[in-house]
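Here's a quick briefing to read alongside the model. Have the viewer open and follow the topics in order.

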Amino acid sequence: MKSTQFIASRHYSTALIGFGPANLGLLIAAWRRGDLKELARDGIIIIEQATEPGGGSLGDYKITANSLASVFLECIDDKRLGDLFAELKDKPEVQLLRKESTSAPFLATVGKILRDMAHVVIAAVARHYDITVLTSAEARDIQQDGNHYAISFRYNGKDHYVQAKSAFVNCGGIQSFSPADYAPLAGQVLSSDRLLRMPAEELQPLLNAYPHPRIAVIGSSHSAVSAIIRLSELISDRDAEIAIYGRSPLRLFFESAAAARRADYQFNDEDDVCPLSGRVNRFSGLRYASHQAAVSILREGRLGPHSPAVTVNISPSPLTSASSAPAFDIGIIATGFSAKGPPGPERNSHADGRVRDNNGRVYQGLYSFGLGSGLTPSFKIGGEKSFRGKLDGVWLYINDIGDAVLDSYIKDHSLEKVAEGFPQ
Ligand SMILES: Cc1cc2nc3c(=O)[nH]c(=O)nc-3n(C[C@H](O)[C@H](O)[C@H](O)COP(=O)(O)OP(=O)(O)OC[C@H]3O[C@@H](n4cnc5c(N)ncnc54)[C@H](O)[C@@H]3O)c2cc1C
C-alpha cells in the first residue's frame, strides 16, 4: 500500500481517527462524490489502532450479520464507484458472499472484506492524493487549537502530535457500566460486546461452571438477542434459564407493512413504518438470525428443543426488575454504546454528523458518526418515527450517512471559502 511518509507535527487538512467501517465508508463516499480534492487539500492522515485498517470491531463478533450478503456485495459492485473494487471480485470471501447472497454472512467474513476494501480504496486515493496511513497507532487526545485540532497519539513506541483542520473521530463504541450497580443482579457480569467477541474455548468453561445456568440479559435490542443466540448455541440444557429484561418489547423488521401483516405482527402504521422505504421498524427491528430467534422466543419460549428457556420481562426500569428476582449466575449488559476513543470534546452528534457541545454549539470541523456516536435519523435518510436510537451500519456509512456527513463538511468548508474571499 503506497502512502506518504509520516512526518511528526505536520499539518493536515483531514484526520480520520479510527478507521473502522464508519471512516472507511466516509472515504468511499468521498471517492464516489468527488470530494477528495477538498478533503486532501493539505493531505489526509489516518490514525488506526489495529494492525490493519477497515475491519473495525465487526469482524471480531462471533455471530452472523444483521444484513444479507447482497447488501455488502452492493457496496463492492456499486456502478457509481467505477471499477474501484474490480480486483476484489475474485477474492474467495467475495465469491462466498455471491454464492450465499440471500443469507446473512458471518461477521468474520465481512470483517475480512472490509479490510480488503480499505486496502483497495487507500491505494486508489494514494495514487492521486497525499494520504498518510498509520496503523498500530493509538489516538490519545484531541483538542481544539484555534481553527485546527491538535491530535496526540502513540505510534512506534513514541508520543506524536499532528494538527488537522477537520477531524472525523470514529473509534467505535463502548458499553461502560459500573460493576457496583450490577452487583445485586448476578455473581458475574459482562457486556454483550465482550460475550459476542469471546472465543468459544473461553466462554464454554465460564458457562460450564454452573449446573443449570441462570442468566439475565439487560436490554432487548439486536445485541441482546445476538447474545441469547450465542448462549443458546453453547448451552444445551432445557433446565437452564435466560431472562430478558428490557424497556421495549422485541421489535421485528419487515420489508413492508404487507409482509408484517402476513406474519400477524402488531405495529403502528404511523410510527413504525419508514415513510421513504415502507419498511416496518427499519432501524429498530431485529433482522435475519435475530428476527428468527425473537420469533422462536415469543412462540416457543426457547430457540431450539434443547436450548435454555427464554423469558421476556418488559418494564420501565429493567435493572430494578431484574435485581428484584433471585440472583442470577451471569448478567449480560446489552444496553447500548457510547463513543470510544481519545478524550476531547464530548461526541454529541446530530443528524448532520457535526459534533456539538452540551449547549448545542458546533465544534467547527469536528465530525463523528460511527458506533456509539451515531447520527440521528433525518428527513433525508428516513426511518420509523418511533426509532429513538442512533444510526449505524456498513451500507449506511457508504451511502446515506457518508452523504449526510460530507454535505455538512462541504457546507462548512464553502462557508469558510466565502469568508476567505473577503478583502482584508
Ligand atoms: C453486535 C453488533 C453487530 C453488528 N452487526 C452489524 C452488521 O451485521 N452489519 C452492519 O452493517 N453493521 C453492524 N453493526 C453495526 C456496526 O458496529 C457498525 O456498522 C460498525 O462496526 C461501526 O463502525 P465504527 O467504525 O463506528 O466502529 P468500529 O467497528 O468499532 O471501528 C472503530 C475503529 O477505531 C479504532 N480505534 C479505537 N480506538 C482508537 C484510538 N484511540 N485510536 C485509533 N484508533 C482507534 C479501532 O481499532 C477500530 O478499527 C453491528 C454492531 C454490533 C454492536
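Let's start in the loop between strand 3 (131–134) and strand 4, which is where Ser136 is found. Keep in mind that this is a predicted model. From that loop we go on to another backbone oddity, then the ligand, a pocket, and a few residues worth clicking on.

**Backbone oddities**

- Ser136 isn't a glycine, yet it has a positive phi of about 50°.
- For background, most residues other than glycine have a negative phi.
- Is Ser136 buried, partly exposed or exposed? With a relative accessible area of 42%, Ser136 is partly exposed, because that class sits between the 20% and 50% cut-offs.
- Tyr288 also has a positive phi, near 45°, and again the residue is something other than glycine.
- You'll find Tyr288 in helix 12, and its relative accessible area of 24% makes it partly exposed.

**Around the ligand**

- There are 32 residues around the ligand, and Glu48, Ser57, Asn66, Leu371 and Val394 come nearest.
- The side chain of Glu48 puts an N or O atom 2.6 Å from an oxygen atom of the ligand.
- With Val394 it's the backbone that matters: one of its N or O atoms lies 2.7 Å from a ligand oxygen.
- Ser57 likewise offers a polar backbone atom, 2.8 Å from an oxygen atom of the ligand.
- How much of the ligand does the protein bury? Taken alone the ligand exposes 980 Å², and 94% of that is buried by the protein.
- Helix 1 (21–33), strand 4 (137–145) and helix 14 (394–398) are the elements giving two or more residues to the shell.
- Strand 4 supplies the largest share of that shell, with three residues.
- By class, the shell splits into 17 nonpolar, twelve polar and three charged residues.

**The second largest pocket**

- If you're scouting for other space, the second largest pocket holds about 310 Å³.
- It is lined by 15 residues, and Leu252, Asp264, Tyr265, Gln266 and Leu298 are the closest to its centre.
- Which element gives the most to this lining? That's helix 12 (residues 288–300), with four residues.
- The lining is made up of eight nonpolar, three polar and four charged residues.
- Asp264 deserves a closer look: it is found in the loop between helix 10 (257–262) and helix 11 (269–272).
- The relative accessible area of Asp264 is 68%, so it counts as exposed, the cut-off being over 50%.
- Asp264 and Leu84 are 180 residues apart along the chain, and their C-alpha atoms are separated by 44 Å.

**Buried strand residues**

- Thr14 has its place in strand 1 and counts as buried, at 1% relative accessibility.
- The C-alpha atom of Thr14 is 4.8 Å from that of Ile44, although 30 residues separate the two along the chain.
- Ile45 lies in strand 2 (residues 44–47), and a relative accessible area of 0% makes it buried.
- Ile45 and Val133 are 88 residues apart along the chain, with 5.9 Å between their C-alpha atoms.

**A buried arginine**

- Arg10 is found in the segment before strand 1 (11–17).
- Why does Arg10 count as buried? Its relative accessible area is 17%, and buried means under 20%.
- The side chain of Arg10 makes a polar contact with the side chain of Asp130, at 2.8 Å.

**One more loop residue**

- Leu303 lies in the loop between helix 12 and strand 11 (309–314).
- At 25% relative accessibility, Leu303 falls in the partly exposed class.
- Measure from Leu303 to Pro342 in your viewer: they are 39 residues apart along the chain, and their C-alpha atoms are separated by 40 Å.

Conventions:
Residues are numbered from 1 along each chain as its sequence is written. This is a predicted model: local features need pLDDT of at least 70, side-chain atom pairs count only at pLDDT 80 or more; totals for chains, interfaces and linings use all residues. Side-chain values use heavy atoms; hydrogens and water are left out. A residue is near a molecule or strand if one of its heavy atoms lies within 4 Å of it. A polar contact is a pair of N or O atoms within 3.5 Å; within protein, one must be able to donate a hydrogen and the other to accept it, and residues adjacent in sequence count only if both atoms are side-chain atoms. Accessible areas come from the Shrake-Rupley method with a 1.4 Å probe; for residues, only the protein chains shown count as cover. Ala, Val, Leu, Ile, Met, Phe, Trp, Tyr, Cys and Pro count as nonpolar, Asp, Glu, Lys and Arg as charged, and the others, Gly among them, as polar. On a 1 Å grid over the protein atoms alone, a cavity is a set of points where a 1.4 Å probe fits but cannot get out, and a pocket is an open set with protein on both sides within 12 Å along at least five of seven lines; lining residues have an atom within 4 Å of a point. Grid points are joined across faces, edges and corners, and a volume is the space filled by probe spheres set on the points. Buried means under 20% relative accessible area, exposed over 50%, partly exposed in between (1.4 Å probe, protein chains only).
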